[in-house]
Amino acid sequence: MLVEEPRTGARHSRWRTMLADGRVECRLCPRYCKLHDGQRGFCFARQRVGDEIVLSAYGRSSGFCVDPIEKKPLYHFLPRTSVLSFGTAGCNLGCRFCQNWDISKARESDRLADEASPERVAEAAARMGCHSVAFTYNDPVIFAEYALDVARACRERGVKAVAVTAGYITDEARPEFYREMDAANVDLKAFSDDFYGRLCFARLQPVLDTLVYVHRETSVWLEVTTLLIPGQNDSPDEIDRASDWFARNLGADVPWHFTAFHPDFKMLGTPRTHPETLQRAREVARSKGLRYVYTGNVRDRAGGSTWCPWCGTLLIERQGYELGAYNLESNRCKGCGRRIPGRFAHQAGSWGARCMPVRLS
Ligand code: SF4
């Protein structure tokens with residue numbers, strides 16, 4: 001089935017400018033690709049056509065899956081609910097350790113199998129009982145026009161919008177992008193510009209700017225993820241400096257996930273992250289006053305669960321995506337009644353740990 005045509009201009013970028021030398025500059029992400037007619041940007045998703053930059057992947061996805069929200073990971077956002085997840089193709093970072101490289105490095109024709117207008121995505125999410133839709137698998141910044149239209153269609157139906165992103169976006173595009181989001185998990189891939197340059201072909205500062213912006217200037221629920229890669233971003237000194245920055249700029253209540261690397265893409269020779277490295281990082285961050293620090297991609301009940309920082313009650317027990325004990329009453333600890341930061345319904349959802357591929361077209 002063919003997707004309905006997007007409204008006129010939906011796939012045309014508004015974040016672009018004509019340069020004096022005749023090239024058109026994309027101003028959506030800090031790469032600022034300067035394009036000749038017909039040329040595609042670093043992300044491959046955007047192409048110059050005449051004087052315009054066009055999102056050629058508008059309305060097409062690499063596939064849809066109903067996931068637990070914990071998989072994003074979002075631990076303080078509607079626990080145990082299902083989220084309709086999708087991505088497109090391409091990426092604006094070039095991470096050598098990419099854990100979704102079959103999608104992020106794909107050309108559109110290889111991967112974009114499923115077609116769906118924003119209305120169709122939102123209707124499907126509502127029909128399947130998903131509380132939210134997540135833009136994930138590759139970075140939604142590069143398909144911003146599509147993601148924003150989906151988010152708007154979702155809002156009309158009471159479905160939330162979630163961005164899973166590297167946070168690599170310009171100052172001018174950031175407000176419009178986050179205005180339509182309800183929650184975001186932003187990667188802080190490392191705390192060094194050397195790492196971002198060497199392993200992601202990117203820079204650290206725009207990511208820090210995004211984190212501070214989302215936390216201070218929006219009502220978007222924010223969680224942060226750092227994939228710890230042995231020998232690359234897991235030194236005690238780096239974790240210590242990152243934790244200091246986090247506490248100073250994001251405060252004690254933004255959840256931070258330290259997740260385990262597995263060998264992938266261009267880094268097949270690097271070993272898996274040892275669980276002790278994750279636990280050590282968690283302890284360092286907690287020692288700086290951060291209240292909600294998690295380990296991920298490993299079996300670790302203590303590090304994967306939410307504990308009341310005031311009375312020690314086990315608030316949300318997790319083993320992987322499986323939830324056990326649940327001791328929140330709305331957003332309050334059942335043990336001491338203190339408020340726990342996040343977006344919590346009166347009760348947890350009932351989706352569980354299933355990941356279920358679905359077709360929309
Ligand atoms: S969004 Fe794509 S085309 Fe635009 S600057 Fe970034 S990488 Fe280049």
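This is a short tour of the structure above, stop by stop, with something to select at each one.

Before you click, know that this is a predicted model, where local features need pLDDT of at least 70, side-chain atom pairs count only at pLDDT 80 or more, and totals for chains, interfaces and linings use all residues. Residues are numbered from 1 along each chain as its sequence is written, and side-chain values use heavy atoms, with hydrogens and water left out.

**Stop 1: a small sheet and two odd loops**

Select 16-18, 24-26 and 34-35. You are looking at an open sheet of 3 strands in the order E1-E2-E3, with antiparallel pairing. Strands here are DSSP runs of at least two residues (E), helices are runs of at least four (H or I), and both are numbered from the N terminus. Two strands pair if DSSP finds at least two bridges between them. E1 (16-18) and E3 (34-35) stand at the edges with a single partner strand each, so one side of each has no neighbour in the sheet. E1 and E2 (residues 24-26) run antiparallel and are joined by 3 bridges. To find the register, pick Arg16: its bridge partner in E2 is Cys26.

Now move to Tyr32, in the loop between E2 and E3. Its phi is near 45°, a positive value in a residue other than glycine. Most residues other than glycine have a negative phi, and most peptide bonds are trans. Tyr32 is partly exposed, at 26% relative accessible area. The cut-offs are these: buried means under 20% relative accessible area, exposed over 50%, and partly exposed in between (1.4 Å probe, protein chains only).

Go on to Phe44, in the loop between E3 and strand E4 (46-49). Here phi is near 70°, again positive in a residue other than glycine. Phe44 is partly exposed too, with a relative accessible area of 21%.

**Stop 2: around strand E7**

Select 63-68 for strand E7, and pick out Phe64 in it. Phe64 is buried, at 4% relative accessibility. Add Pro357 to the selection: Phe64 and Pro357 are 293 residues apart in sequence, yet 5.9 Å apart in space, C-alpha to C-alpha.

Next, show the side chain of Asp67, which is buried at 0% relative accessibility. Which residue meets it in a salt bridge at 2.9 Å, N to O? That is Lys72, itself buried at 7% relative accessibility. Lys71 forms a salt bridge with Asp67 as well, the closest N and O atoms being 3.8 Å apart. Lys71 is partly exposed, at 31%. A salt bridge here is a side-chain nitrogen of Lys or Arg within 4 Å of a carboxyl oxygen of Asp or Glu.

Stay on Lys72 and look at the backbone. The peptide bond joining Lys72 and Pro73 is cis, with omega about -10°. Pro73 is in the loop between E7 and strand E8 (82-87).

**Stop 3: a parallel pair**

Select 160-165 and 183-187. Strand E11 (residues 160-165) and E12 pair in the parallel sense over 4 bridges. For one of them, click Ala163, whose bridge partner in E12 is Ala184. How many of the 5 residues in E12 (residues 183-187) are buried? The count is 4, so call this strand mostly covered.

**Stop 4: more salt bridges**

The structure holds 27 salt bridges. For a linked set, select Arg14, Asp149, Arg152, Arg155, Glu176, Glu180 and Asp182, which form a network of salt bridges.

Then try a pair within one helix: Arg241 and Asp237, with closest N and O atoms 3.2 Å apart in their salt bridge. They are 4 residues apart in helix H8 (residues 236-250), which means about one helical turn separates them. Arg241 is partly exposed, at 36%, and so is Asp237, at 48%.

**Stop 5: a positive patch**

Finish on the surface. Select Lys160, Arg332, Arg339 and Arg343, which gather in a patch of positive charge. Patches take residues with over 30% relative accessible area and no salt bridge, joining like charges within 9 Å and nonpolar side chains (Val, Leu, Ile, Met, Phe, Trp, Tyr) within 5 Å. Arg343 is in the loop between strand E20 (332-333) and strand E21 (356-358), and is partly exposed at 33% relative accessibility.

Note on methods
Accessible areas come from the Shrake-Rupley method with a 1.4 Å probe; for residues, only the protein chains shown count as cover. Lys and Arg count as positive and Asp and Glu as negative; His and the chain ends are not counted. The place of a charge is taken as NZ of Lys, CZ of Arg, CG of Asp or CD of Glu.
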